[in-house]
Amino acid sequence: MISDYKATFMGCVDLIKKVFIPVNDNNYHWYLVVIDFVNKEVVYLDSFPSDSRIVARMRSVKILNTPKPLVSQYPIYKPIDISTQSGDGNDCGAWVIMWMVEMGLNGYKIQVDEGTRLRIALDLAMNPYNTLQDQVKNRAETWMQTLD
């Protein structure tokens, strides 16, 4: 079973350039850690930076460890010119997903809006690996009929 998942989702592990790790902070907020093996750095991406949580978040990032190379020795890079969500936003999960989808293109500069959220929802709902895809379609059709 593991080899099936590896072949389907991971490809050739020897060629991995980046590993994306979504991190949940205190059951409240998601941020993304990217291990960049090419630039030998750990990229910290946070759509809702918090002065009160930065120490705990950095501690989580610094404890990363892999056998080869030792990632905990990589410097942590925090892009300073990336957009963040508004103060009343709760889109941290959408930001993390979009950073992973974009894979660092354009220096991790993304925007999240209603269209982004809709695209993510449709991609997840209609993905061939979604075992609930037929149920989602049926419920959407039922809901659409109530609008008529």
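Which residues line the largest pocket? In this predicted model, the lining consists of Tyr44, Leu45, Asp46, Pro49, Ser50, Asp51, Ile54, Lys78, Pro79, Ile80, Ile82 and Thr84. By residue class, the lining of the largest pocket divides into seven nonpolar, two polar and three charged residues, and the space in the largest pocket amounts to about 180 Å³.

**Strand pairing**

Strand E2 (29-36) pairs with strand E1 (residues 18-25) through eight bridges in an antiparallel arrangement, and E2 is also joined to E3, again antiparallel, by five bridges. The two pairings are set side by side below.

| Strand pair | Bridges | Residues between the strands | Turn residue with positive phi |
|---|---|---|---|
| E1 and E2 | eight bridges | three residues | Asn26, near 60° |
| E2 and E3 | five bridges | four residues | Lys40, about 50° |

Within the first of these pairings, Val23 has Tyr31 of E2 as its bridge partner, while Phe20 stands opposite Val34 in E2. On the other side of the pairing list, Leu32 is matched with Leu45 in E3. Seven of the eight residues of E2 are buried, so this strand is largely enclosed by the rest of the structure.

**Nonpolar cores**

The largest nonpolar core contains 14 residues, and those with the most contacts inside it are Leu32, Val34, Leu45, Trp99, Tyr108, Ile110 and Val112. Strand E2, strand E3 (41-45) and helix H3 (92-102) each supply at least two residues of this core, with H3 giving the largest share, namely five residues. The bridge partners Leu32 and Leu45 are thus both found among the residues with the most contacts in the largest core. Trp99, which is also among the residues with the most contacts there, touches Phe20, Leu32, Leu45, Asp46, Ser47, Ile82, Gly104, Tyr108 and Ile110 when residues up to four places away in sequence are not counted.

A second, separate core has 10 residues, including Val23, Tyr31, Tyr44 and Val71. Val23 and Tyr31, both included in this second core, are the bridge partners already described between E1 and E2.

**Links between pocket and cores**

Several residues recur across these descriptions. Leu45 belongs to the pocket lining and is listed among the residues with the most contacts in the largest core, whereas Tyr44, another lining residue, is included in the second core. Asp46 and Ile82 also line the largest pocket, and both are touched by Trp99.

Technical notes:
Residues are numbered from 1 along each chain as its sequence is written. This is a predicted model: local features need pLDDT of at least 70, side-chain atom pairs count only at pLDDT 80 or more; totals for chains, interfaces and linings use all residues. Side-chain values use heavy atoms; hydrogens and water are left out. A nonpolar core is a set of buried Ala, Val, Leu, Ile, Met, Phe, Trp, Tyr and Cys residues joined through side-chain atoms within 4.5 Å. Buried means under 20% relative accessible area, exposed over 50%, partly exposed in between (1.4 Å probe, protein chains only). Contact means heavy atoms within 4.5 Å. Two strands pair if DSSP finds at least two bridges between them. On a 1 Å grid over the protein atoms alone, a cavity is a set of points where a 1.4 Å probe fits but cannot get out, and a pocket is an open set with protein on both sides within 12 Å along at least five of seven lines; lining residues have an atom within 4 Å of a point. Grid points are joined across faces, edges and corners, and a volume is the space filled by probe spheres set on the points. Ala, Val, Leu, Ile, Met, Phe, Trp, Tyr, Cys and Pro count as nonpolar, Asp, Glu, Lys and Arg as charged, and the others, Gly among them, as polar.
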